[in-house]
Amino acid sequence: MRRTGGPIIVVLVPGLVLGLVGCAGAEEQQDRAAYDAMLEVEKVPGVIVAPYEDHVQIDPSAPEDEIVATALGVREVLDGLGSDRPEELTLVAVYPGDAVVATEFTTPILDDPDRLERDVRIWASLLDEGFTEVRFNVFDETGDGVLNVHSGEPGEPGPSVSESFDAMVGALSASGADSASFEALQTEALVDDTLVTNRSGRPALPADWAEAIEAVTDLAYIRKAAAGFEPDATTLRLTGSSELTPEQSAEILAILGGAGVLQPSVTVTYSLGGDTPATALYGSVQ
C-alpha cells in the first residue's frame, strides 16, 4: 500500500551516489564546454549572436563569401569540442520586419568542410533574390533534404513560381556538383497562396509546368493551389470559393492541355477547401 503521509526517506546505495556524482560532474563539464564554445562562436566574424554553440544568427545582407566564411569559422570552433561536438549546425537570418525567424540553414555534415561550404553557398546565394524566406535543410550525406523558398506579400509581389525554381536550380548548378547529387533533394516554392512541392528526382519542375501553374492560378476564381510532383505522379489541387461552372472547368483544362502537361500520370482536382470533398477535373481523386 502506498504511503500518503509522513516524511519521505530516500536511501542511496554508496556506489550509486558516486555514480550520480560522477554523472553530474560529466554533465557539468559538457555544459561548461558548450558554454565556452558558444562564447568562441560569437567571436567568429559575421556572427551576430549565438544563443547556442550550434545555433548562429547571421546578417542576410552580408556578402555570400562572408556568410560561407562565417559558417566555416563556426564549424572550426565546434570541431574543437571533439566527441562533444553537436550533431547539427543551424544558421538563421533575420530580415527586417520578420515576425518569425524562418530563413535558416541546417546540416549534420560537419566532418567535410568542402561539403559544408558548398551547401552554405547554395543557401546564401538565394538570400538576396527577393524571397521572404529561404530554407535549406540538409538531412544526410546522400543529398536528402529540402530547399524551400517563399515569396509574395500584400503589395510586394516577389518571384513567380517559374522564377523561384529557376533561382533554386541556378544556385544548385552554380555549386559545381554533379546533378546526381541532388536527386534526393526536395525543391519547394510557396508563392502567395500557391505551394509547389517537387520530389520528382530533379530540382527543376517538369517542362512547362511552372508556366501552366501560373496561368491557372491567375484565374479570378482560383483562391489557392498546391502542386505535388513525384517520380511517377503529379497532382494539382485547386481551391476556390464557389462551385465551378462547366465553362470554368473547361477553361482550366484548356490551359493545362494547351501547355502540354496533361498526361495519364496527372491528377487535377478542385474543392472549396477545408473538409469539403474534391472533384476530379482530370484523372481520379485518390
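Analyst: Contact, for what follows, means heavy atoms within 4.5 Å. Keep in mind that this is a predicted model.

User: Okay, which elements do the buried residues of H5 pack against?

Analyst: Let's start with who is buried in H5: Trp209, Ala210, Ala212, Ile213 and Val216. They cover an arc of only 165 degrees around the axis, so they end up on the same side of H5. That set of buried residues packs against helix H4 (161-174), S8, strand S9 (224-230), S10, H6 and S11.

User: H6 is on that list. How far apart are the end C-alpha atoms of H6?

Analyst: Helix H6 covers residues 246-259, which is 14 residues. At 1.5 Å a residue the helix should span 20 Å, and the model agrees, because the end C-alpha atoms of H6 are apart by 20 Å.

User: How wide an arc do the buried residues of H6 cover around the axis?

Analyst: The buried ones in H6 are Gln248, Ser249, Ile252 and Leu256. They sit on the same side of H6, because the arc they cover around the axis is only 105 degrees.

User: And which residues of H6 are on the other side, and are they buried or exposed?

Analyst: To count as exposed, a residue needs over 50% relative accessible area. On the other side of H6, that label goes to Pro246, Glu247, Ala254 and Gly258, so the answer is exposed.

User: What do the buried residues of H6 pack against?

Analyst: One partner is a helix, H5 (209-217). The others are strands: S10 (233-239), S11 (266-271) and S12 (279-282). Put together, the buried residues of H6 pack against H5, S10, S11 and S12.

User: Which residue follows H6, with a positive phi?

Analyst: Look just past the end of the helix, where phi turns up near 80 degrees. That value is positive, and the residue is Gly260.

User: Switching to rings: how many aromatic pairs are there?

Analyst: Rings pair if their centres lie within 6.5 Å. By this rule, the count of aromatic pairs is 3.

User: Is the pair of Phe105 and Trp123 stacked, edge-to-face or tilted?

Analyst: The ring centres of Phe105 and Trp123 are 6.0 Å apart, with the planes at 40 degrees. Stacked needs planes under 30 degrees apart and edge-to-face needs over 60. The planes at 40 degrees fit neither, so the pair of Phe105 and Trp123 is tilted.

User: How many residues apart are Phe105 and Trp123?

Analyst: Phe105 belongs to strand S4 (residues 103-107), while Trp123 belongs to helix H3 (residues 113-124). Both residues are buried. Their pair links distant parts of the chain, with a separation in residues of 18.

User: At what angle between the planes do Phe105 and Phe136 form an aromatic pair?

Analyst: Phe136 is in strand S5 (residues 133-138), and its pair with Phe105 links parts of the chain 31 residues apart. Centre to centre, the two rings are separated by 5.9 Å. The pair counts as edge-to-face because that label needs over 60 degrees, and the angle between these planes is 70 degrees.

User: Is Phe136 buried or exposed?

Analyst: The cut-off for buried is under 20% relative accessible area. Phe105 sits at 0%, and Phe136 comes in at 4%, so the label for Phe136 is buried.

User: Which residues do ring pairs link into a cluster?

Analyst: Phe105 pairs with Phe136 in an edge-to-face way. Through ring pairs, the cluster takes in Phe105, Trp123 and Phe136.

User: On to strand S2: which side chains point to the face that is buried?

Analyst: The side chains along S2 (residues 55-58) alternate. His55 and Gln57 point to one face and are not buried. Pointing to the other face, and buried, are Val56 and Ile58.

User: Do S1 and S2 pair in the parallel or the antiparallel sense?

Analyst: A hairpin through 2 residues joins S1 to S2. Tyr52 stands opposite His55 in S2. Over 2 bridges, S1 (residues 49-52) and S2 pair in a sense that is antiparallel.

User: In S3, what is the bridge partner of Ile58?

Analyst: S2 and S3 (residues 89-93) pair in the parallel sense over 4 bridges. With helix H2 (residues 64-79), these two strands make a right-handed β-α-β unit. In S3, the bridge partner of Ile58 is Ala93.

Notes:
Residues are numbered from 1 along each chain as its sequence is written. Side-chain values use heavy atoms; hydrogens and water are left out. Buried means under 20% relative accessible area, exposed over 50%, partly exposed in between (1.4 Å probe, protein chains only). Two strands pair if DSSP finds at least two bridges between them. A crossover is right-handed if, with the strands pointing away from the viewer, the path from the first strand over the helix to the second runs clockwise. The expected span of a helix is 1.5 Å times one less than its number of residues. The arc is that of the directions from the helix axis to the C-beta atoms.
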